[in-house]
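Student: Could you take me through one part of this protein closely? I would like to see how its charged side chains pair up.

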Amino acid sequence: MQVNKKQKGFKNYYYDSLMSFLYQRFSKQKIESLDEINITDEEDKLLCEYGAIKNAIAGVKEVNISCKNPANAINALDKYGLKGCAVVDDMVDLPEITSRVIVHIKDVLARTENELQDIAIKIGRTKVPVMITYGRSLKELGTIDKEYGLSPATFLESLGFLERKCMILGGNALEKDDLNLLATYDAVMVVSPQADMYLARGFINLSPLLSQGLEIAFASEAYPKVDMLAEVELGAGQTANLMHNGNIAKPEELVLKVLVEGGKGQVASGRLLHCVVEVEKTDVSSVVMLRYLEIENKLIKKFKEKLWK
């Protein structure tokens with residue numbers, strides 16, 4: 001697949017390769033009834049390649065893909081001419097590969113304070129960025145307050161996570177004081193409006209993020225489809241409804257946050273309300289599409305055996 005690196009495309013800040021595929025092809029109720037889904041390295045490779053093609057088809061030129069083995073995600077990105085990083089889930093021991101890797105802590109409450117400090121120290125030494133799924137529920141934040149006697153942002157600060165590149169995935173329940181502290185550390189707030197809607201996590205409100213000057217990034221995360229314009233439109237729309245004000249989060253301004261900078265685009269990729277967004281046309285060859293369908297069929301067969309055995 002030929003990629004013109006001088007032209008704009010979309011940026012997907014986080015794509016959950018496993019859950020996005022499962023929600024795309026299997027019953028949500030069935031998936032949510034499972035405690036854990038273990039995958040092999042072969043399945044991880046297939047999921048990463050499938051996700052890379054899926055994002056390329058959607059006009060994405062840069063994406064951070066979740067994986068078990070960072071080499072699988074990085075190889076898939078390189079194979080299809082995409083920029084981005086491998087997102088390695090919730091681990092104390094860093095992978096041997098640290099270039100183009102983001103360490104993802106999915107649940108801070110599942111780790112002890114010592115384990116979290118250990119992760120912070122290790123990523124600090126290697127300068128690996130960290131993504132933390134955080135602040136998605138009042139229950140989580142209340143537990144942190146009760147156990148540690150700290151506000152949510154102060155808790156992350158005390159562990160040392162905010163002193164390096166830190167991304168907060170979620171943050172729907174964080175309050176003004178916490179957002180203000182995160183802004184002083186240049187934390188990135190990663191929002192996933194469509195996945196939050198699909199999984200009933202609560203509304204996205206971009207107003208407090210914008211008012212505190214926080215950097216906002218959009219992600220498809222676990223949502224079955226990749227559509228970065230739809231992420232922006234839903235995030236802006238939910239904010240307008242919650243604030244009774246359509247001028248706080250303007251789609252035509254927010255869309256800049258999902259574009260990879262480059263030369264002028266040539267093809268109208270889609271419409272965002274009254275704004276036409278132009279990006280490079282994504283020509284996916286028939287060979288790549290056949291590979292996409294081949295991987296899809298393999299994954300469906302493998303996960304049918306896992307989910308219904």
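**A close look at the salt bridges**

Tutor: Happy to! Let's start with one acidic residue: Asp78 is partly exposed, with 44% relative accessible area. Keep in mind that this is a predicted model. The side chain of Asp78 meets that of Arg100 in a salt bridge, with 3.0 Å from N to O. Asp78 belongs to helix H4 (residues 70-79), while Arg100 sits in the loop between strand E3 (86-89) and strand E4 (101-105), so this pair ties together parts that are 22 residues apart in sequence. Arg100 is partly exposed too, at a relative accessible area of 30%.

That pair is part of a wider set, as a search of the whole structure finds 17 salt bridges. As background, side chains of opposite charge can pair when their charged atoms come close.

Now turn to a pair inside one helix. Lys122 forms a salt bridge with Asp118, and their closest N and O atoms are 3.3 Å apart. These two residues are 4 positions apart in helix H5, so about one helical turn separates Lys122 from Asp118. The general rule behind this is that an α-helix has 3.6 residues a turn, so residues three or four places apart point the same way. Both partners are partly exposed: Lys122 has a relative accessible area of 22%, and Asp118 has 27%.

Helix H13 (residues 286-307) offers another example, with Arg291 and Glu294 placed 3 residues apart, about one turn of the helix. Their side chains meet in a salt bridge at 3.3 Å, N to O. Arg291 counts as partly exposed at 22% relative accessibility, and Glu294 counts as partly exposed at 37%. The pair does not stand alone: salt bridges with shared partners join Glu49, Lys79, Arg291, Glu294 and Lys298 into one network.

To set these pairs in context, the protein has 13 helices and 11 strands. Of its 309 residues, 51% count as buried. Its exposed surface is about 14,700 Å², with carbon and sulfur atoms supplying 48% of that area. Among contacts with a separation of 6 or more, 68% are between residues 24 or more positions apart.

If you are wondering about covalent links as well, the structure holds 0 disulfides. Cys48 is in no disulfide, and the nearest cysteine sulfur, that of Cys67, is 5.0 Å away. Cys48 counts as buried, at 0% relative accessibility.

Note on methods:
Residues are numbered from 1 along each chain as its sequence is written. This is a predicted model: local features need pLDDT of at least 70, side-chain atom pairs count only at pLDDT 80 or more; totals for chains, interfaces and linings use all residues. Side-chain values use heavy atoms; hydrogens and water are left out. A disulfide is a pair of cysteine sulfur atoms within 2.5 Å. Buried means under 20% relative accessible area, exposed over 50%, partly exposed in between (1.4 Å probe, protein chains only). Contact means heavy atoms within 4.5 Å. Accessible areas come from the Shrake-Rupley method with a 1.4 Å probe; for residues, only the protein chains shown count as cover. A salt bridge is a side-chain nitrogen of Lys or Arg within 4 Å of a carboxyl oxygen of Asp or Glu.
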